[in-house]
Amino acid sequence: WSYLFLVLTVIVMRNLVQSSTGRAIISVRENEIAAKAMGIDTTRYKTLAFVVGSFFAGLAGALFAHRYPTLHPTAFHFVKSFDPLIIVVFGGLGSITGTVVAAFAWAISLEGLRLLPQGMELWRYVIYPLILLLVMLLRPQGLFGGAELGFLKSKIWPRREQHVSAEN
């Protein structure tokens with residue numbers, strides 16, 4: 001189920017980003033004053049982005065709840081809240097491909113840290129901030145920056161030629 005919803009989420013987000021609504025949301029993200037000056041209703045698009053993000057967060061929460069037999073508040077400690085931040089910064093803000101690759105890399109690295117000897121798991125609290133700082137200093141645009149792979153690339157439409165009629 002998780003992989004099915006991952007594929008559906010990526011497809012929906014790709015279509016949203018490449019639509020006129022998605023371009024309006026991106027313009028509000030990049031420069032709200034300029035978007036407002038161009039006539040974009042910034043409040044509407046901020047609310048829409050919040051609703052879409054909330055929908056996918058609820059979907060992720062539902063999938064997470066089915067993975068574990070019981071949920072307890074201790075499973076959601078303070079350090080766990082840094083995972084999405086690290087994934088987005090590492091993958092690149094505005095890159096779907098980068099976020100997906102960073103999420104897989106982060107999950108693999110978390111599982112790899114479990115292989116450390118007993119007592120070394122506390123080093124996670126040193127490694128997490130170091131990775132975040134190194135990525136922010138060495139590559140502030142993230143792993144992929146704004147680049148996309150495969151079908152996630154936006155189409156570059158050819159320019160239409162302006163035909164000049166003989167009457168003019």
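**Exercise 1. The order of elements**

In what order do the elements of the chain run from the N terminus on?

Solution. This is a predicted model. Reading from the N terminus, the elements run α-α-α-α-α-α-α. The count agrees with that string: 7 helices and 0 strands.

**Exercise 2. Confidence**

Find where in the chain confidence is highest and where it is lowest.

Solution. Start with the chain as a whole. Its average pLDDT is 81, and 85% of the residues score at least 70. Then go helix by helix. Helix 3 has the highest confidence, at 92. Helix 7 has the lowest, at a mean of 81.

**Exercise 3. The span of helix 4**

Check whether the length of helix 4 fits its number of residues.

Solution. Step one: helix 4 covers residues 42–67, which makes 26 residues. Step two: the expected span is 1.5 Å times one less than the number of residues. For helix 4 that gives 38 Å. Step three: compare with the model. The end C-alpha atoms are 37 Å apart, which agrees.

**Exercise 4. The buried side of helix 4**

Name the buried residues of helix 4, and say what covers them.

Solution. T42, Y45, F56 and L59 are buried in helix 4. Their cover includes helix 1 (2–18), helix 2 (20–30) and helix 3 (32–37).

Now take T42 as a test case. T42 sits in helix 4. The cut-off for buried is under 20% relative accessible area. T42 has 3%, so T42 counts as buried. Which residues does T42 touch, leaving out those up to four places away in sequence? They are V28, E32, A35 and K36.

**Exercise 5. Salt bridges**

Count the salt bridges, then describe each pair.

Solution. The count comes to 2 salt bridges.

Take E30 and R29. They form a salt bridge, with the closest N and O atoms 2.7 Å apart. Is E30 buried or exposed? Its relative accessible area is 55%, and the cut-off for exposed is over 50%, so E30 is exposed. R29 has 43% relative accessibility and counts as partly exposed.

Take E32 and K46 next. Their side chains meet in a salt bridge at 3.0 Å, N to O. E32 lies in helix 3 and K46 in helix 4, so this pair ties together parts that are 14 residues apart in sequence. Both ends can be placed by their accessibility. E32 is partly exposed, at 30%. K46 is partly exposed, at 41%. E32 also appeared in Exercise 4, among the residues that T42 touches.

**Exercise 6. A nonpolar patch**

Which residues form a nonpolar patch on the surface?

Solution. The patch is made of L133, L134, L137 and L138. Together these residues have about 470 Å² of accessible area. Look at L137 more closely. L137 belongs to helix 7, residues 124–138. Its relative accessible area is 67%, so L137 is exposed.

**Exercise 7. The whole chain**

Describe how much of the chain is buried, what its exposed area is, and how its contacts spread along the sequence.

Solution. Begin with burial. Of the 168 residues, 19% count as buried. Turn to the surface. The chain exposes about 13,000 Å², and carbon and sulfur atoms supply 68% of it. Finish with contacts. Consider those between residues at least 6 apart in sequence. Among these, 64% join residues at least 24 apart.

How values were computed. Residues are numbered from 1 along each chain as its sequence is written. This is a predicted model: local features need pLDDT of at least 70, side-chain atom pairs count only at pLDDT 80 or more; totals for chains, interfaces and linings use all residues. Side-chain values use heavy atoms; hydrogens and water are left out. Helices (H or I, at least four residues) and strands (E, at least two) are DSSP runs, numbered from the N terminus. Buried means under 20% relative accessible area, exposed over 50%, partly exposed in between (1.4 Å probe, protein chains only). Contact means heavy atoms within 4.5 Å. Accessible areas come from the Shrake-Rupley method with a 1.4 Å probe; for residues, only the protein chains shown count as cover. A salt bridge is a side-chain nitrogen of Lys or Arg within 4 Å of a carboxyl oxygen of Asp or Glu. Patches are made of residues with over 30% relative accessible area and no salt bridge: like charges are joined within 9 Å, nonpolar side chains (Val, Leu, Ile, Met, Phe, Trp, Tyr) within 5 Å. pLDDT is the predictor's confidence in each residue, from 0 to 100.
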